[in-house]
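Here are some notes on the model, set out as numbered points for reading beside the coordinates.

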Amino acid sequence: MQYQSTRGAGCSKYTSAAAISQGLASDGGLFAPDSFPTLTQNDINALIEKSYSERAAYVMSLFLADFTLDELNQFSKSAYSTNRDNGFYNDAIAPLYKFNDNTYFLELWHGPTCAFKDMALQIMPRLLIKSLEKVGESRNVCILVATSGDTGKAALEGFCDIPGTKIMVFYPNDGVSEVQELQMTSQLGSNVNVVAIEGNFDDAQTGVKNIFADKEFCEEVDKMGYILSSANSINVGRLIPQVAYYVSSYCDLVKNGEIEIGEKINFCVPTGNFGNILAAYYAERMGLPINKLICASNSNDVLTQFITTGVYDKNRPFYTTVSPSMDILVSSNLERLLFELSGKNGDVVSSYMSSLSADGIYSVDEKVRSELNRIFDAGYCSEDDTKKTIKDTFDKHGYLIDTHTAVAYKVLNDYISKTGDDRITVVVSTASPFKFCEAVLESLGKKVISNGIDLIYELSEETGCDVPAPLDSLKNCKSRFNDIVSVSEMSDVVKEFVEK
């Protein structure tokens with residue numbers, strides 16, 4: 001298997017190591033597989049008794065042809081360690097919580113930063129360093145990350161003090177929770193930097209993409225002995241490990257006797273930048289038995305509108321919500337989906353992206369829309385409904401969920417009411433509720449009397465739920481990074497960081 005740019009019709013193809021090393025294609029497109037591997041029912045059966053790390057290594061081996069299975073098993077075993085000091089604090093790594101007969105929550109937040117980004121960003125540094133070795137790259141690498149909250153900390157944790165690397169994270173000032181901000185700004189390590197920007201996540205993401213596309217700037221960085229790469233899901237090395245937890249959750253359902261091999265299920269995914277749900281689509285294209293992928297949006301429902309109408313329009317109000325990791329109007333990974341739905345036509349994708357850049361809008365033809373609706377459904381959840389869902393879920397079932405997971409669960413209930421589809425559905429739970437303490441406390445009708453890190457312990461006392469160990473450790477942390485810059489200054493601070 002090789003990779004090609006989503007914007008390069010008939011262009012050159014790259015090995016997985018080259019694609020991971022480069023991060024973003026030179027034409028501004030994203031790297032996508034030139035074909036999909038096949039996952040058979042026999043493969044699923046063979047994975048049922050395997051550990052999560054073994055399942056992940058096998059799934060990745062189908063996409064990363066220039067890595068050996070031994071290499072991937074080694075990386076996976078190390079990344080998905082249950083060392084309680086800096087690894088995962090649940091032995092299952094990605095456990096399924098049975099909520100009722102037809103609904104499961106896939107808890108992807110038992111890693112060192114308590115968010116689903118750990119599932120990819122604990123292994124990605126290992127993939128990147130090995131990729132650089134495989135392509136004969138002798139320069140150091142500077143990782144640039146734009147984050148809406150969780151990616152930043154997970155990337156910082158994954159790349160902290162990795163030799164030959166530096167990592168710089170940009171996040172929207174006043175656009176993340178207090179816990180998320182402290183997690184990032186208190187990060188230890190000699191090779192890390194964290195900077196807030198004046199703007200929202202889309203501004204940060206566009207700024208990072210513009211830096212990658214600035215050939216003159218990249219040449220300057222090259223003279224300093226560095227290349228630029230990304231840990232966002234625009235890097236295929238971030239995306240491919242995410243495919244594994246969809247396969248793993250299916251294996252667990254079979255193992256637990258909830259479904260038979262070959263039985264189709266649904267996944268409902270809270271979605272912002274489209275990477276998480278795209279990984280589920282890749283799993284479906286491989287052959288994982290999936291009926292529907294339900295895309296759940298918050299008030300920034302640009303994706304719901306697109307899936308419903310075939311029109312992508314970012315010319316709309318931007319809302320700052322209690323589910324900040326989904327406060328996005330330009331969903332980068334949707335470009336990879338468009339590439340597949342258009343028959344891998346880079347010219348068509350380029351025209352969509354040009355229209356989006358120039359006018360903030362594009363529309364797809366009926367053929368693309370038909371294939372889109374074959375596998376996807378969508379809905380959105382208001383702020384009031386998000387809070388009500390958190391309260392109802394806890395009051396009626398004793399199960400505490402975060403704001404993003406609440407969006408997904410509400411959208412799932414709307415989908416069931418609309419369609420009558422009562423097959424088993426897995427709700428992808430993307431973050432610990434303790435990362436969004438104030439919003440969760442308010443949702444539960446509790447008076448918020450604390451601030452900052454003390455909110456974590458107030459939520460624990462009010463609910464009787466234990467504070468996750470990685471967040472408990474924040475009580476001894478102090479912020480190291482306090483800079484706030486404009487979008488136009490982003491390249492300057494990157495240059496200063498590389499020069500140090």
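1. Which residues in α4 meet which residues in α6? In this predicted model, Glu71, Leu72, Phe75, Ser78 and Ala79 in α4 are in contact with Arg126, Leu127, Lys130 and Lys134 in α6. Sorted by class, this contact has four nonpolar, one polar and four charged residues.

2. The geometry of the same helix pair deserves a separate word, since two packed helices are described by the angle between their axes and the distance between the axes. Helix α4 (residues 69-79) and helix α6 (residues 124-134) pack at about 150°, and their axes are 10 Å apart. Angles over 145 degrees count as roughly antiparallel, and α4 and α6 are therefore roughly antiparallel to each other.

3. One open sheet has six strands, which follow the order β3-β4-β14-β9-β10-β13 with mixed pairing. At its edges stand β3 (96-98) and β13 (376-380), each of which has a single partner strand, so one side of each is left without a neighbour in the sheet. From one strand to the next, the twist averages 25°.

4. Within this sheet, β9 (residues 265-270) and β10 (residues 290-297) run parallel and are joined by five bridges; Val269 stands opposite Cys295 in β10. Helix α11 (residues 236-255) lies across β3, β4 (103-107), β9 and β14 (425-429), and runs at about 135° to β9.

5. A second open sheet is made of five strands in the order β8-β5-β6-β7-β15, with parallel pairing. Its edge strands are β8 (226-230) and β15 (484-485), each with a single partner strand, so that one side of each is left without a neighbour in the sheet. Strands β5 (residues 140-146) and β6 (residues 165-172) run parallel and are joined by six bridges, and the bridge partner of Ala146 is Phe170 in β6. Across β5, β6 and β7 (192-197) lies helix α7 (residues 150-159), running at about 170° to β6.

6. Two backbone conformations are worth checking by eye, because most residues other than glycine have a negative phi. Cys114, although not a glycine, has a positive phi of about 65°; Cys114 is found in the loop between β4 and α5 (118-121) and, at 0% relative accessibility, counts as buried. Phe274 likewise has a positive phi, near 75°, and its place is in the loop between β9 and α12 (275-286). With a relative accessible area of 1%, Phe274 is buried.

7. How many aromatic pairs does the count give? The count comes to 19 aromatic pairs. In one of them, the rings of Phe36 and Tyr282 have their centres 5.0 Å apart and their planes at 75°, so the pair is edge-to-face. This pair links distant parts of the chain, with Phe36 in the loop between β2 (31-33) and α2 (41-47) and Tyr282 in helix α12, 246 residues apart. Phe36 counts as buried at 15% relative accessibility, and Tyr282 counts as buried at 0%.

8. Phe99 and Tyr409 form an edge-to-face aromatic pair, with 5.3 Å from centre to centre and 75° between the planes. Phe99 lies in the loop between β3 and β4 and Tyr409 in helix α18 (residues 403-419), so the pair ties together parts that are 310 residues apart in sequence. Both Phe99 and Tyr409 are buried, and ring pairs link them with Tyr97, Phe105 and Tyr399 into a cluster.

How values were computed:
Residues numbered from 1 in each chain as written. Predicted model: local features only at pLDDT ≥ 70, side-chain atom pairs only at ≥ 80, totals over all residues. Heavy atoms only, no water. Axes fitted to C-alpha atoms, helices over the stretch in contact; angles between N-to-C directions. Helix = DSSP H or I, 4+ residues; strand = E, 2+ residues; numbered from the N terminus. Parallel < 35°, antiparallel > 145°, perpendicular 65-115°, else oblique. Contact = heavy atoms within 4.5 Å. Nonpolar A, V, L, I, M, F, W, Y, C, P; charged D, E, K, R; others polar. Pairing = 2+ DSSP bridges. Buried < 20%, exposed > 50% of the residue type's maximum accessible area, 1.4 Å probe, protein only. Phe/Tyr/Trp six-rings, centres within 6.5 Å; stacked < 30°, edge-to-face > 60°.
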